[in-house]
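Student: Could you take me through one part of this structure slowly, with each term explained as it comes up? I would like to look closely at the salt bridges and at what surrounds them.

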Amino acid sequence: MLRRKPTRLELKLDDIEEFESIRKDLESRKKQREEAEAAAAGEEAAAAAAIALGAEHKSREQIINDRIGYKPQPKAGGRTAHFGTFEF
């Protein structure tokens, strides 16, 4: 591999001004987005509280199963279910 001397970068006043303007623009967009998310989260929390107060209390597992559409089947009890007709 060939070695060369490092390239010198010069920062000009125009570059600094451009950077500052872009940074301020991005910060203002971020602030607006955070405000919108905070407002949406507040509405969502209020709706979730209303649902929680009005609905029957479910375990966390049941809530997740309802959300993803999973309906677990009850397991057959006893040792015979694991080993067929053999009993110990």
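Tutor: What follows begins with the whole chain, then turns to the salt bridges, and ends with the surface patches and one buried residue.

This is a predicted model, in which local features need pLDDT of at least 70 and side-chain atom pairs count only at pLDDT 80 or more, while totals for chains, interfaces and linings use all residues. Residues are numbered from 1 along each chain as its sequence is written, and side-chain values use heavy atoms, with hydrogens and water left out.

The chain has 3 helices and 0 strands, and read from the N terminus its elements follow the order α-α-α. Here helices (H or I, at least four residues) and strands (E, at least two) are DSSP runs, numbered from the N terminus. About 9,300 Å² of the chain is exposed, and carbon and sulfur atoms supply 57% of that area; accessible areas come from the Shrake-Rupley method with a 1.4 Å probe, and for residues only the protein chains shown count as cover. Of the 88 residues in the chain, buried ones make up 1%, where buried means under 20% relative accessible area, exposed means over 50%, and partly exposed lies in between (1.4 Å probe, protein chains only).

Now to the salt bridges, each of which is a side-chain nitrogen of Lys or Arg within 4 Å of a carboxyl oxygen of Asp or Glu. By this rule the count comes to 3. The side chains of R23 and E20 meet in one of them, at 2.5 Å from N to O, and R23 also forms a salt bridge with E27, where the closest N and O atoms are 3.2 Å apart. Both R23 and E20 lie in helix 1, 3 residues apart, which is about one turn of the helix, and R23 and E27, also both in helix 1, are 4 residues apart, again about one turn. R23 counts as partly exposed because its relative accessibility is 35%; E20, at 27%, counts as partly exposed, and so does E27, at 44%.

D25 forms a salt bridge with R29, with the closest N and O atoms 3.3 Å apart, and these two residues both lie in helix 1, 4 residues apart, about one turn of the helix. D25 has 34% relative accessibility and therefore counts as partly exposed, as does R29 at 47%. Through salt bridges that share partners, E20, R23 and E27 are joined into one network.

Helix 1, which covers residues 13–54, also holds E17, and E17 counts as partly exposed because its relative accessibility is 48%. E17 gathers with D14, D15 and E18 in a patch of negative charge on the surface. Patches are made of residues with over 30% relative accessible area and no salt bridge, with like charges joined within 9 Å and nonpolar side chains (Val, Leu, Ile, Met, Phe, Trp, Tyr) within 5 Å. Lys and Arg count as positive and Asp and Glu as negative, while His and the chain ends are not counted; the place of a charge is taken as NZ of Lys, CZ of Arg, CG of Asp or CD of Glu.

L13 lies in helix 1 as well, and with L11 and I16 it makes a nonpolar surface patch of about 330 Å². L13 counts as exposed because its relative accessibility is 58%.

Finally, N65 lies in helix 2, which covers residues 60–68, and at 13% relative accessibility N65 counts as buried. Leaving aside residues up to four places away in sequence, N65 touches Y70 and P72, where contact means heavy atoms within 4.5 Å.
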